[in-house]
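Thanks for coming, everyone. I have one structure to go through today, so let me put it on the screen.

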Amino acid sequence: YLLVPMVSLGNLVGVAAPISEAIITLASALNETDYQCEGRNLERLGLDGMSTHQILNYVNHGVSRD
């Protein structure tokens, strides 16, 4: 619930999270589930294609990209 969106947002803004990515990879292998695709990624959160500014505006003010 936290690692996939955290890593996805970090990637968007250029912040590496190699340990979190490793934990996601290990959990994916253990559970035979691709959490990068199946987890709460930016697409599933409705944030894919948004810029950092648009995401911050949405989070702070509830204004979507429309």
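I will take the largest pocket, then two single residues.

Keep in mind that this is a predicted model.

Let me begin with the pocket. The space in the largest pocket comes to about 150 Å³. Which residues line the largest pocket? From the start of the chain there are Tyr1, Leu2, Leu3, Val4 and Pro5. Further along, the lining takes in Ile23, Ile24 and Ala27, and then Tyr35, Gly39 and Arg40. Two helices, H1 (3-13) and H2 (18-31), supply at least two lining residues each. Sorted by class, the lining is made up of 9 nonpolar residues, 1 polar and 1 charged. The polar class includes Gly, and the charged class includes Arg.

Next, serine 20. This residue is part of helix H2. Is serine 20 buried or exposed? Its relative accessibility is 13%, and the cut-off for buried is under 20%, so serine 20 counts as buried. Leaving aside residues up to four places away in sequence, serine 20 touches Leu3, Met6 and Val7. Of these, Leu3 also appears in the lining of the largest pocket.

Last, glutamine 54, which sits in helix H4, residues 52-61. Glutamine 54 has a relative accessibility of 30%, so it counts as partly exposed. How far apart are the C-alpha atoms of glutamine 54 and cysteine 37? They are separated by 22 Å, with the two residues 17 apart along the chain.

That is the end of my part.

Note on methods. Residues are numbered from 1 along each chain as its sequence is written. This is a predicted model: local features need pLDDT of at least 70, side-chain atom pairs count only at pLDDT 80 or more; totals for chains, interfaces and linings use all residues. Side-chain values use heavy atoms; hydrogens and water are left out. On a 1 Å grid over the protein atoms alone, a cavity is a set of points where a 1.4 Å probe fits but cannot get out, and a pocket is an open set with protein on both sides within 12 Å along at least five of seven lines; lining residues have an atom within 4 Å of a point. Grid points are joined across faces, edges and corners, and a volume is the space filled by probe spheres set on the points. Helices (H or I, at least four residues) and strands (E, at least two) are DSSP runs, numbered from the N terminus. Buried means under 20% relative accessible area, exposed over 50%, partly exposed in between (1.4 Å probe, protein chains only). Contact means heavy atoms within 4.5 Å.
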